[in-house]
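Q: Hi! Could you walk me through this chain?
A: Happy to. Let's pull it up.

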Amino acid sequence: MMMYSIIIAVYNRTGEVKELLESAENLDFDRERFEFLFVDDGSKDGFQNYIEHYRSKTGIQIRTIYQENKGPGEARNNGMRNASGQYFIFVDSDCMFPSHWLCTIDREIKQHGYEAFGGPDTCHESFSPLLKAITYSMTSKLGTGGTRGQKKSIGKFYPRSFNMGIHRKVFENIGGMNQLRHGQDMDFSQRIYDAGYKVGLISDAFVYHKRRTSLSKFYRQIFNWGVARINLSLAHPSLLKPIHLIPAVVVLGLILLAFFTMIFPKWGGYLWAITGLVYLLVNLTAFFQSFIQYRNIEAALLSPVTLNIQVFAYGLGLIKALWQTKILGRKEAEGFVKNYYSKKKLESR
């Protein structure tokens, strides 16, 4: 049996796939022991023509599945149903590999007997300052507590679908990913833990995550993650901890402070001064940590911006989701909806 099936859900991402495969050509691993399984979720950008042409001229084993647009969760499930490998590895289409990535995974699985695993995402030195700033805010202890793949973090490590693997028996026993709009991988990881499988962080098996994003797209993405945290907690209460509510507390605290200042201007002024000092220290910390990490002044200047967007977007997403589920009684909160979740929108384009 083939050892690894690398499953990649694709939706109008041909440009990203080109860069991913260019990096895959440099993987230092026996090509007979892994395959790339692309699940095209109804792309309209010529992916099929590109991948068929590429497959004819490369030594990498590539298979493709084509389906109607159903979203990334069902695409990954379809991939697992058709994968040949003993292990399934999920990678996002906007990722690239260092040459040691798969070799490191193979070594750590053999050494530790992991039945599920994951690795971090990081920046390549060639990435833009904005991508470096976003990566800083999403991976630093100040931004996320190091939960996306650092050896020391404030909470349990949950493998995420940009760099996540499972033994095929996991899928056979617990099934695939659910239909949550966001947070499918977190739900999947929690179910893996609940089933008693051995889960491990392989910190050296990182991928370069080249997000095609802007500050506005980054805001919407993080907002949806805040919404997803509440949806996840409805199925898995343990996934919502007090620390996850800190961004919402920050947002509500500033709103309350503004009202307090209107009533008690003098005391409000003192509190704003203290708040401003804390705010300044946090942003200076982000600047210097980012500069030390990337040695790039533009990325360092952008890092406090992306950190603030992350905090406020996540907090507002949490607040909206709590309102929808706890006050309005909805079974699932909804944030910004991507086109691929609506077949009507897909057909109208």
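**Contacts, core and surface**

A: In this predicted model, 77% of the contacts (heavy atoms within 4.5 Å) with a separation of 6 or more join residues 24 or more positions apart. Residues are numbered from 1 along each chain as its sequence is written, side-chain values use heavy atoms, without hydrogens and water, local features need pLDDT of at least 70, side-chain atom pairs count only at pLDDT 80 or more, and totals for chains, interfaces and linings use all residues.

Q: Thanks! What share of the chain is buried?
A: Buried residues, those under 20% relative accessible area with a 1.4 Å probe and protein chains only, make up 52% of the 349 residues.

Q: And which residues touch the most other members of the largest nonpolar core?
A: They are Tyr4, Phe36, Phe38, Trp101 and Ile105, in a core of 35 residues. By nonpolar core I mean buried Ala, Val, Leu, Ile, Met, Phe, Trp, Tyr and Cys residues joined through side-chain atoms within 4.5 Å.

Q: Is there another core, or what else should I look at?
A: A second, separate core has 20 residues, including Met80, Ala83, Ile166 and Phe171.

Q: Back to Trp101: what is tryptophan 101 in contact with?
A: Beyond its neighbours within four places in sequence, tryptophan 101 contacts Ile6, Leu27, Ile89, Val91, Asn163, Ala205, Phe206 and Val207.

Q: New topic: what size of box do the C-alpha atoms fill?
A: Roughly 75 × 50 × 45 Å, taken along the principal axes.

Note on methods. Buried < 20%, exposed > 50% of the residue type's maximum accessible area, 1.4 Å probe, protein only.
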